[in-house]
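Trainee: I'd like to zoom in on one part of this protein and then see how the rest fits around that spot. Could you walk me through it?

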Amino acid sequence: MSLAIPVCPCCGTAEPTRLGRLPDSEWFAGKHLARPLSGGALYRCEECRLKLRYPLASTETYLALYDNAITTTWVGTITRPDWDLIISQVDTMKPNGGRVLDFGCYSGGLLSQLGTRYERFGIEVNRDAANVARERTGARVWHAIEDAPDNLRFDVIVIADVIEHLPNPRSLFDLLETRLAEGGIVVVSTGDAENPLWERFGANWWYCFYPEHIAFVSQAWVERALCSRGWSLLHCQRFRYRSLSPISRFIERVLASVYGRLPRTYLCTVSILKHWLGRGAVTSVAGNGASADHILFVVNRRPSL
């Protein structure tokens with residue numbers, strides 16, 4: 001890994017602002033690693049507002065880590081607020097149905113909840129999860145977008161909890177725009193990189209704790225990185241990824257503040273408590289649900305003049 005100052009992968013701006021060190025991790029996408037993966041540091045591009053992890057492992061390393069035999073890292077059998085919001089947008093904007101591609105469909109949880117008027121497709125790098133998705137939904141699922149027929153176009157492309165796993169989010173839109181049908185839309189849900197608590201705590205925020213999360217966007221990023229390149233923002237909203245009672249939300253916010261200000265103390269204390277209770281290693285930190293920490297946006301391509 002290079003230790004040089006990074007260049008923003010989306011806009012090419014040099015020397016983004018360093019926000020703090022990210023912790024090393026022995027876990028990746030639900031799998032325990034033989035050797036810890038370096039956390040690197042969190043940076044923010046002041047031009048396009050992308051937040052990014054740097055340095056990164058190689059593309060081959062990430063692909064090997066994702067394509068494992070685990071198919072339950074991201075549970076696909078429960079009600080999720082992001083899926084409800086995505087399906088609501090799809091139903092509103094494409095009420096007559098059409099072809100829906102779930103880019104990063106994992107085991108098919110979201111696809112299984114789409115109405116029968118939609119023809120379902122998926123992209124999934126984890127081959128075992130892709131097999132589960134096929135059996136569960138009957139959808140055509142490919143390992144990569146390049147494997148889909150060249151002439152196949154989609155009315156909706158969904159990117160749910162995926163964009164944060166990619167080193168250059170803008171390049172994904174460059175890739176997928178050729179796969180959109182005329183009038184097609186792209187629906188995205190991910191962590192909000194400009195959530196006020198995240199802005200306050202920098203690298204000590206729960207969403208960038210996970211080593212598989214490497215790039216983080218916001219509405220400002222959409223407006224600067226996408227709308228400047230021929231995309232239109234049709235809809236944008238913030239939401240809580242996890243619904244909590246007022247008391248639980250308050251506790252989560254307090255614990256998130258402790259981690260935000262004293263990350264080493266927090267991790268050491270939680271590690272000791274989990275060891276004492278026989279609950280294994282620390283694989284997450286507090287903050288999920290403490291605020292409206294996620295964003296959902298819908299974009300489409302502006303017609304060429």
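In which helix is Glu252 found?

Mentor: Glu252 is found in helix α8, which covers residues 246-261. Keep in mind that this is a predicted model. Although Glu252 carries a side chain of the kind counted as negative, its relative accessible area is 13%, and since buried means under 20%, Glu252 is buried. As for what sits around Glu252, set aside the neighbours within four places in sequence and you get contacts with Arg242, Leu244, Ala286, Gly287, Asn288 and Ala290.

Let's step back to the whole chain. It has nine helices and 13 strands. Its radius of gyration is 19 Å, close to the 19 Å that the globule rule gives for 305 residues, so the chain is as compact as a globular protein of that length. Along the principal axes, the C-alpha trace spans about 55 × 40 × 40 Å. Glu252 belongs to the buried residues, which make up 50% of the 305 in the chain. Take the contacts between residues at least 6 apart in sequence: 72% of them join residues at least 24 apart. On the outside, the chain exposes about 14,300 Å², and carbon and sulfur atoms supply 52% of that. For charges, there are 34 positive and 31 negative side chains, with the centres of the two sets 5 Å apart.

Helix α8 also holds a link to the aromatics, since its range is residues 246-261 and Tyr259 is part of an aromatic cluster. The other members of that cluster are Trp198, Trp206, Tyr207, Phe209, Tyr210, Phe216 and Tyr266. A search of the whole structure turns up 15 aromatic pairs. Take Trp206 and Tyr207: their ring centres are 5.3 Å apart and their planes sit at 80 degrees, so that pair is edge-to-face. Trp206 counts as buried at 4% relative accessibility, and Tyr207 counts as buried too, at 3%.

Next, strand β13, residues 294-301, where Arg301 lies. Phe297 lies in β13 as well. Phe297 is buried, with a relative accessible area of 0%, whereas Arg301 counts as partly exposed at 29%. Not counting residues up to four places away in sequence, Phe297 touches a list of residues including Phe173, Val186, Val188, Val217, Leu226, Leu233 and His235. Its C-alpha is 9.1 Å from that of Thr190, 107 residues away along the chain. Arg301, leaving aside its neighbours within four places, is in contact with Glu177, Arg229, Gly230 and Trp231. The C-alpha atoms of Arg301 and Asp128 are 33 Å apart, with their positions 173 residues apart along the chain.

A few backbone spots are also worth checking in your viewer. A cis peptide bond joins Tyr54 and Pro55, with omega about 0 degrees, and Pro55 is found in the loop between β5 and α1. Glu15 isn't a glycine, yet has a positive phi of about 55 degrees. Glu15 is in the segment before β1 and counts as exposed at 64% relative accessibility. Asp161, not a glycine either, has a positive phi of about 55 degrees. Asp161 lies in the loop between β9 and α5, and at 16% relative accessibility Asp161 counts as buried.

Conventions. Residues are numbered from 1 along each chain as its sequence is written. This is a predicted model: local features need pLDDT of at least 70, side-chain atom pairs count only at pLDDT 80 or more; totals for chains, interfaces and linings use all residues. Side-chain values use heavy atoms; hydrogens and water are left out. Helices (H or I, at least four residues) and strands (E, at least two) are DSSP runs, numbered from the N terminus. The radius of gyration is taken over C-alpha atoms; the globule rule is 2.2 Å times the number of residues to the power 0.38. Buried means under 20% relative accessible area, exposed over 50%, partly exposed in between (1.4 Å probe, protein chains only). Contact means heavy atoms within 4.5 Å. Accessible areas come from the Shrake-Rupley method with a 1.4 Å probe; for residues, only the protein chains shown count as cover. The place of a charge is taken as NZ of Lys, CZ of Arg, CG of Asp or CD of Glu. Rings of Phe, Tyr and Trp (its six-membered ring) pair if their centres lie within 6.5 Å; planes under 30 degrees apart count as stacked, over 60 as edge-to-face and the rest as tilted.
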